[in-house]
Structure formats: C-alpha cells, structure tokens
Amino acid sequence: MIFDEYSIKTLIRPVPDFPKPGIIFRDITPLYRSPRAMRMVADSLIQRYVESPITHIGAIDARGFLLGAVLAYELNKPLVLFRKPGKLPCDTLCESYETEYGEAQVEVHRDALKAGDQVLLLDDLIATGGTLLAAARLIKQLGAEIYEAAAIIDLPDLGGSRKMQNADIPTFTLCAFEADE
Ligand code: AMP
C-alpha cells in the first residue's frame with residue numbers, strides 16, 4: 001500500500017477551541033476508525049525502521065501508546081512507556097516541561113533503558129516539542145540514545161520539530177498542518 005498523505009490528512013479532524021480557546025485540537029480518532037488508514041500509517045513506519053539499529057520503542061502517554069504497541073510488536077522490540085506522573089509503580093525519573101496547555105511532567109522507570117540502547121520515540125503529534133524533548137532528556141539521563149523521534153502529525157507553526165532538530169534529535173512525521181489548515 002502506497003502512503004497517501006492527502007487521505008491521512010482528511011482523517012484528522014480540526015476541533016477549534018479545544019481543550020482551551022485558541023487551540024486547534026487535531027483529533028486522530030477518525031484515522032484510528034479507519035483500518036485502511038491505520039495500516040498505511042503503521043506500514044510506513046514499519047518500513048522506515050525495519051532494518052534500523054533501534055533496540056527499543058519508547059511510547060508517550062497516551063496516544064503514543066497506540067502506535068508504539070503496534071511498532072514494538074511488528075519490529076519485535078521492547079516497549080518502554082513514558083507516562084504521566086504517578087502512573088508508574090516503581091522507581092522513576094521525572095522531567096517537567098511547558099505545553100500549549102500549561103505545565104506538565106513525564107516519567108519513566110529507571111530500569112527501562114541502559115547505556116547503548118537506541119530508542120525510537122513515538123507520539124501522535126509534535127506541537128511545541130515539550131513532551132518529546134522531556135522524554136529525550138530522560139533517555140539521555142538513563143545513558144541511552146535517541147535514534148529518532150517520530151509522530152503522525154507535525155504542527156510546524158508551534159516550533160517543536162525545529163526545536164528538536166536544533167537539539168540534534170532526528171525527527172520524522174508523516175504529515176503536517178499549518179495553522180490555517
Ligand atoms: P507538545 O509537547 O507541545 O509537542 O505536545 C504534544 C503532545 O500534546 C502530544 O502528546 C499530543 O497528543 C498533545 N497535543 C498538543 N497539541 C495538540 C493539538 N493541537 N492537537 C492534538 N493533540 C495535541
């Protein structure tokens with residue numbers, strides 16, 4: 001199946017003023033309701049990483065878990081969960097960051113990664129980049145490396161993907177929306 005950016009974008013619904021006035025929320029539930037589109041998204045990521053040297057999939061709470069689990073299964077790699085505070089039961093590391101919506105935190109288990117590990121980080125969307133950059137700091141604190149950060153959607157106007165490139169984190173997204181789209 002050939003990746004068709006146009007048909008993927010038509011399945012991402014813009015919801016103005018959610019969850020706060022001024023924010024256009026990019027709702028991916030129509031995409032997840034389409035088995036054909038989900039297969040197209042998963043297959044393009046699987047093809048991109050199938051022969052890469054990644055050792056782990058890192059998935060961001062919560063929508064990153066959906067793709068993260070599919071990729072971990074298909075690529076036969078361990079799945080590491082980056083979770084909202086208070087969800088992981090054992091010894092954790094925590095990083096704080098700013099989002100479009102306010103202050104947030106992300107946590108990972110201390111024993112989830114070690115030196116030499118190469119992580120493919122996954123989320124559904126890059127906005128300000130705060131979430132992925134915080135997860136990237138956790139990966140580095142554990143001595144591991146980020147192979148690439150990938151998401152379905154980039155919102156380039158919010159500057160996240162540029163911040164990630166500036167931080168030397170290779171970044172890949174399947175489609176992008178400008179603010180007026
Ligand atoms: P950021 O850390 O600013 O890059 O935000 C990325 C995270 O917040 C992702 O986990 C997204 O699911 C969520 N997010 C941020 N902005 C939006 C948006 N406009 N539409 C949908 N999800 C968003």
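## Leu31 and its surroundings

Leu31 sits in helix H2, and in this predicted model its contacts, leaving aside neighbours within four places in sequence, are Ile8, Leu11, Ile12, Ala37, Met38, Val41 and Ile152. With a relative accessibility of 0%, Leu31 counts as buried, since the cut-off for that is under 20%.

There's also a sequence-distant pairing to look at here. Ser7 is 24 residues away from Leu31 along the chain, yet their C-alpha atoms are 9.5 Å apart in space.

## Helix H3

H3 runs over residues 35-49. It has 15 residues, and the distance from its first C-alpha to its last is 21 Å, close to the 21 Å you'd expect at 1.5 Å a residue.

Plenty of H3 is tucked away: Ala37, Met38, Met40, Val41, Ala42, Ser44, Leu45, Ile46 and Tyr49 are buried. Those buried residues pack against three helices, namely H1 (5-10), H2 (29-32) and H4, and also against strands S7 (118-126), S8 (145-154) and S9 (171-176). Three of the buried H3 residues, Ala37, Met38 and Val41, turn up again among the contacts of Leu31.

## Helix H4

H4 covers residues 63-75. Its 13 residues reach 19 Å from the first C-alpha to the last, close to the expected 18 Å at 1.5 Å a residue. The buried set in H4 is Gly64, Phe65, Leu67, Gly68, Leu71, Ala72 and Leu75. As for partners, these residues pack against H2 and H3, plus strands S3 (56-60), S4 (79-82), S7 and S8.

Right after H4 comes Asn76, with a positive phi near 60°. Asn76 isn't a glycine, so that positive value is carried by another residue type. Asn76 belongs to the loop between H4 and S4, and at 68% relative accessible area it is exposed, the cut-off being over 50%.

## How H3 and H4 cross

How do H3 and H4 pack against each other? Their angle is about 50°, and their axes are 10 Å apart. That angle makes H3 oblique to H4. The crossing itself is right-handed.

On the H3 side, the contact is made by Val41, Ala42, Leu45, Ile46 and Tyr49, while H4 supplies Leu67, Val70, Leu71, Glu74 and Leu75. By residue type, that gives nine nonpolar, no polar and one charged.

## Two buried charged residues

Lys9 lies in helix H1, and its relative accessible area is 17%, which makes it buried given the cut-off of under 20%. Setting aside neighbours within four places in sequence, Lys9 is in contact with Cys175, Ala176, Phe177 and Glu181.

Asp124 is in strand S7. Is Asp124 buried or exposed? At 6% relative accessibility, Asp124 counts as buried. Not counting residues up to four places away in sequence, Asp124 touches Ile28, Arg63, Gly64, Ala151, Ile152 and Ile153. Two of those names have come up already: Gly64 is one of the buried residues of H4, and Ile152 is also among the contacts of Leu31.

## Helix H5

Helix H5 takes in residues 130-141. Its 12 residues should span 16 Å at 1.5 Å a residue, and its end C-alpha atoms are 17 Å apart, which agrees. Buried in H5 are Gly130, Leu132, Leu133, Ala134, Ala135, Ala136, Leu138 and Ile139. Just past the helix, Gly143 has a positive phi of about 90°.

## Backbone oddities in the loops

Which peptide bonds are cis? One joins Phe18 and Pro19, with omega about -5°; Pro19 is in the loop between strands S1 (13-16) and S2 (24-27). Another runs from Asp61 to Ala62, with omega near 0°, and Ala62 lies in the loop between S3 and H4.

The loop between S1 and S2 also holds Asp17, which has a positive phi of about 60° although it is not a glycine. If you're checking backbone torsions, this loop therefore gives you a positive phi at Asp17 and a cis bond into Pro19.

Key:
Residues are numbered from 1 along each chain as its sequence is written. This is a predicted model: local features need pLDDT of at least 70, side-chain atom pairs count only at pLDDT 80 or more; totals for chains, interfaces and linings use all residues. Side-chain values use heavy atoms; hydrogens and water are left out. Axes are lines fitted to C-alpha atoms, for helices over the stretch in contact, and angles run from 0 to 180 degrees between N-to-C directions. Helices (H or I, at least four residues) and strands (E, at least two) are DSSP runs, numbered from the N terminus. Angles under 35 degrees count as roughly parallel, over 145 as roughly antiparallel, 65 to 115 as roughly perpendicular and the rest as oblique. A crossing is left-handed if the near helix is turned anticlockwise from the far one by less than a right angle, and right-handed if clockwise. Contact means heavy atoms within 4.5 Å. Ala, Val, Leu, Ile, Met, Phe, Trp, Tyr, Cys and Pro count as nonpolar, Asp, Glu, Lys and Arg as charged, and the others, Gly among them, as polar. The expected span of a helix is 1.5 Å times one less than its number of residues. Buried means under 20% relative accessible area, exposed over 50%, partly exposed in between (1.4 Å probe, protein chains only).
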